[in-house]
Amino acid sequence: MQHPLPHIINEHHFWLSAERCIFWEEENALIVCDMHIGKTGHFRKSGIPVSQRIYTEDLHRLLNCILFFKVDKLIVVGDLSHSRSNKELDLFERWRNDFPSLKIHLVKGNHDILSESWYKQCKITVHHDKYCIRDFCFCHDVCSAEQIKGKYVFSGHIHPGVKIRGMAKQSLSFPCFYFTKKHCVLPAFSKFTGLALIRPVPVESVFAIVEKEIMQLK
């Protein structure tokens with residue numbers, strides 16, 4: 001794992017990882033969004049042959065991040081799951097049982113439609129609109145973030161990406177962390193997602209995730 005990059009907001013220390021997550025030092029918490037557990041299984045049910053290996057690699061990557069940062073809290077900024085229950089959610093339940101002391105907070109996203117009993121069984125604390133700690137607040141949709149006053153907001157939902165152009169006019173798009181003065185949009189943790197290309201203005205900061213490295217573009 002590449003050494004994470006530091007980013008300070010309101011005198012708090014956040015570490016950006018190329019594994020598509022942020023470590024919040026003062027809270028000893030890992031921040032992720034858009035894991036979309038069960039998405040590959042959902043596609044297979046629809047007759048589209050998507051390998052479950054994509055999901056198991058995401059879950060293994062999450063495990064590595066938790067162990068690397070030695071966190072005691074996981075904050076999921078929406079879309080932990082993708083749809084109705086399937087075998088991949090059963091796999092997550094078994095994974096969860098291996099970390100009984102890990103506190104998991106979920107701010108519900110538009111895909112989080114599982115029963116309350118499932119979250120309770122997995123010992124997940126659910127927040128329906130937002131989750132606020134100190135000077136920071138977490139909500140899934142960046143549009144909702146604009147309504148939160150007086151706190152710096154972390155959101156997800158749009159799966160932000162940025163286009164990088166080469167010398168010969170070729171270009172490639174990569175997931176990114178997108179920081180404005182008032183909020184941050186995290187990249188989707190799952191690699192089985194699309195990208196929404198952003199158009200940052202000069203006062204905003206963008207960190208592209210290129211393979212296993214982070215590149216600060218602005």
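User: Is C137 buried or exposed in this model?

Analyst: Keep in mind that this is a predicted model. Under 20% relative accessible area counts as buried. C137 comes out at 0%, so C137 is buried.

User: And what about C21, which disulfide is C21 in, if any?

Analyst: None. The nearest cysteine sulfur belongs to C65, and that one is 3.6 Å away. A disulfide needs the two sulfur atoms within 2.5 Å, so a pair like that doesn't count. C21 is buried too, with a relative accessible area of 0%.

User: So how many disulfides are there in the whole structure?

Analyst: A search of the whole structure turns up one. The pair is C132 and C137, with sulfurs 2.0 Å apart. Look along the S-S bond and you get -45°, a left-handed link. On the C132 side, the cysteine is partly exposed, at 35% relative accessibility.

User: Why isn't C139 bonded to C137?

Analyst: Go by the sulfurs. C137 has the closest cysteine sulfur to that of C139, but the gap is 6.5 Å, so they are too far apart for a bond. C139 counts as buried, at 1% relative accessibility.

User: Where does C176 sit, and what does C176 touch?

Analyst: C176 is in strand β12, which covers residues 171–179. Its relative accessible area is 0%, so C176 is buried. Leaving out residues up to four places away in sequence, its contacts include P160, V162, L186, I198 and F207. I209 is another of those contacts. C176 and I209 are 33 residues apart in sequence, yet their C-alphas are 5.6 Å apart in space.

Definitions and conventions:
Residues are numbered from 1 along each chain as its sequence is written. This is a predicted model: local features need pLDDT of at least 70, side-chain atom pairs count only at pLDDT 80 or more; totals for chains, interfaces and linings use all residues. Side-chain values use heavy atoms; hydrogens and water are left out. Helices (H or I, at least four residues) and strands (E, at least two) are DSSP runs, numbered from the N terminus. Buried means under 20% relative accessible area, exposed over 50%, partly exposed in between (1.4 Å probe, protein chains only). Contact means heavy atoms within 4.5 Å.
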